[in-house]
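Look over the sequence and the model below. Then read on, with the structure open beside you.

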Amino acid sequence: MNSYTVTVATGHQWFAGTDDYIYITLVGTEQCSDKTLLDKPLYDDFERGAVDSYEVKVGQDLGQLVLVKIEKQKYWMQDSWYCRYVTVKTPSGEHVEFPCYRWLVDDKNVVLRDGKARLPQDDENILVKQQRQKELEIRRMTYRWKEWQPGFPMSIDANRHKDLPRDIQFDSEKEVNFVLNYTKAIENLCVNKFMNMFQSSWNDLADFESIFLRIKNTNIEYVMQHWKEDSMFGYQFLNGCNPVLIEKCFKLPDKLPVTHEMVSSSLDRNLTLEQELEVDFVMLFLFIYCYGFTLTRINIKTCLFFWFQAGNIFICDYELLEGVSANCTDLCTQQYLAAPICLLYKNTQNKIVPIAIQLSQTPGKDAPIFLPSDAHYDWLLAKIWVRSSDFQIHQTVTHLLRTHLISEMFAIAMFRQLPAVHPVFKLLLPHVRFTIAINTKAREELICEGGIFDKANGTGGGGHVQLVQKAMKTLTFRSLCFPDMIRMRCMDNNEEMPKYFYRDDGYRVWEATKSFVSDVMCIYYSNDERVQGDGEIQAFVKDVRNFGMQDSDHCGFPKCLNSREELIEYLTVIVFTASAQHAAVNFGQYDWCSWIPNAPATMRKPPPNQKGLATLSLIMESLPDRGRSSWHLGAVWALSQYQENELFLGMYPDEHFTEGRVKAAMEKFRKELAGISESIKIRDEKKRMPYCYLRPDKIPNSVTV
């Protein structure tokens, strides 16, 4: 009689334990054991956080242990049980680990592979091959694609959070009740007295300070004090909530007819606007050709002047908002949107400042170009309109589409195409934790018809859907690759654009993440042929392209992966988008958007179509009323909070990998991230406004809020 010692660990979550019957079957290459009862009802086994051991007697030699089957049967009242892992000590003294980290719901069972990750081509035993295929068949029936809105990335086929598979639900649905959390935030911020005061305007700009009596921080106070300044306005394009729109401008678009005479007072290098726009390569080469054989110190200085001084014009174009419907859910309040174009200049102090704003995509007499030299309130109102437009793009495109929805798409394809034993499944699982759940709750309560988004946002009532649909037409895979995204906007030169901390910190986190992904993947993929021969990874990539992105021709998402380097980049995109990119555009919302005039969620007057009309009264009538301000403030506060027991980048408490080489790669990753965090802390000690959104110890592993 052979004796196997079976150790079973129960989860630490609330209600993770069970009083139900628990059975186990050990499956070897030669034989399988009889189904053995482990739990006796009403005993102290399988309580929350417990680790229980049992002896399983087997009359025959099982051979190499390859599978463990766990079954749960109701004793009295049906409950769920969360199993962390099973460890089996064989008669020979070998310890075999079987990671689980799943819920057993109702009278269900789960079949576990040992913890060593394997590619499909490495499985030789017929039992494990069959189990691998069966697991994926069940997953594909459980995780189904659904089109929530036409033109959106495909999402999970579930209307409510409670309809999701238990394994991907939040531990407690109360944690993600948007209505409850927003109401709580409004109460915590002491603005609940304003929340029903729709149509009631604030008296003046200082009046907004009345909603900041409770919760302040250094960044918010600095924004409150300096938000009107052009340098603060420009700084946010680099290091605010939406640092992904600014791009270098080499030629003014025809739709923005700015002349040198308009902006000359804002340029401080004694160059014309045309010279500031671009390096004139033709003139530069002619200069070198003419003086190449007789270069003097003066000629060299002149040459370098043209080379290094020009190219200081940048642009932010909100053309996606053109034609998008403004919120009309409240018949008592007309709301408006604009699609502005903002021209920016890097001055000799290396500060980005606005030099021209047009609040329409169509030039003409009804679309004046506002300038810093205009009347104070004309210029201020134009900047407020840009900030409001930036808020709409940030919330709906930068945040919702390009992190939440894209991460969910990757997660669904992963569950459908990769079994738990696959190394890519093990790698990605911590980075999709709760992502499908938070998005399902958002569709249920936040961005649905009549949801919270409709209460305060100018694109509520359907405009946000139109905006995502338009943005999907330009979304490409390469734009999700961080270095490419920076280069596409010609913002990659540190000397030309210093103090772009989003770029600088992002590069470091991207490289650390890519190095970690490479270290892990190289363990399993020794060459390109191993990638090409992995049918599961190819099916995963194909599912993302064909279903997630609905086989969009322009998107550039790969249909297959042909090399190890392509696989590493693909997985780095997934991990970075879910962790660092989401952190960069999410957790600064309270800092930058809680001061309402700096990020109005809606505007109640149309954009001005001529100069000289703006007054303080018009600005106050344009900005959100007291009720919408309160909902907005509650939203940005709630969205900026970390989840309870948040897991940050590099934290992998669930040991899906059991191999020592992978654990060593994880430790190396954590050390590299810690070094980045420390250097950012040191840098930020000297800054009036710290930039900590891409500090690894503040980057959650996944999209959970």
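The report below goes through a pair of annotated residues, a sheet, two single residues and a helix.

The model is predicted.

**The annotated pair**

An unreviewed UniProt entry carries a "binding site" annotation on Gly 17 and Asp 79. The two are spread over 63 residues of sequence, yet they cluster in space, with a largest C-alpha distance of 8.5 Å.

Both residues lie in loops. Gly 17 is in the loop between β1 (2-10) and β2 (21-28). Asp 79 is in the loop between β5 (65-73) and β6 (81-89).

Gly 17 and Asp 79 are in contact with each other. Leaving aside neighbours within four places in sequence, Gly 17 also contacts Thr 10, Phe 46, Glu 47, Arg 48, Ser 80 and Trp 81. With neighbours within four places again left aside, the contacts of Asp 79 include Thr 18, Asp 19, Asp 20, Lys 72, Leu 104 and Asp 106. One of these partners is also joined through its side chain: a polar contact of 2.7 Å links the side chains of Asp 79 and Thr 18.

Is Asp 79 buried or exposed? Its relative accessible area is 24%, so Asp 79 counts as partly exposed.

**The sheet**

Four strands form an open sheet in the order β3-β2-β5-β8, with antiparallel pairing. Which strands stand at the edges? They are β3 (36-37) and β8 (109-113). Each has a single partner strand, so one side of each is left without a neighbour in the sheet.

The table lists the pairings.

| Strand pair | Bridges | One facing pair of residues |
|---|---|---|
| β2 and β3 | two bridges | Ile 24 and Thr 36 |
| β2 and β5 | eight bridges | Leu 26 and Val 68 |
| β5 and β8 | five bridges | Leu 67 and Arg 113 |

Strand β2 is mostly covered, as seven of its eight residues are buried. Helix α1 (residues 126-142) lies across β2, β5 and β8. This helix runs at about 45 degrees to β5. In a regular strand the side chains alternate between the two faces of the sheet.

**Two single residues**

Arg 102 sits in strand β7 (residues 95-104). Arg 102 and Trp 81 are 21 residues apart in sequence, and their C-alpha atoms are 8.3 Å apart in space. Not counting residues up to four places away in sequence, Arg 102 touches Trp 81 as well as Tyr 82, Cys 83, Val 110, Val 111, Leu 112, Glu 135, Asp 167 and Ala 420.

Lys 248 belongs to strand β11 (residues 247-248). Is Lys 248 buried or exposed? Lys 248 counts as buried because its relative accessibility is 9%, and the cut-off for buried is under 20%. Its side chain makes a polar contact of 2.5 Å with the side chain of Glu 496. Beyond residues up to four places away in sequence, Lys 248 also touches Gly 311, Ile 313, Phe 314, Arg 489, Cys 490 and Met 491.

**The helix**

Helix α22 (residues 660-684) has 25 residues. What span should they have? At 1.5 Å a residue the expected span is 36 Å, and the end C-alpha atoms are 36 Å apart, which agrees.

The buried residues of α22 are Val 662, Ala 665, Met 666, Phe 669, Leu 673, Ile 676, Ser 677, Ile 680 and Asp 684. An α-helix has 3.6 residues a turn, so residues three or four places apart point the same way. The buried residues of α22 pack against α15 (501-524).

Terms used. Residues numbered from 1 in each chain as written. Predicted model: local features only at pLDDT ≥ 70, side-chain atom pairs only at ≥ 80, totals over all residues. Heavy atoms only, no water. UniProt positions renumbered as here; feature names shortened; annotations may be inferred. Contact = heavy atoms within 4.5 Å. Buried < 20%, exposed > 50% of the residue type's maximum accessible area, 1.4 Å probe, protein only. Polar contact = N/O pair within 3.5 Å; in protein donor to acceptor, adjacent residues only side chain to side chain. Expected span 1.5 Å × (residues − 1). Pairing = 2+ DSSP bridges. Axes fitted to C-alpha atoms, helices over the stretch in contact; angles between N-to-C directions.
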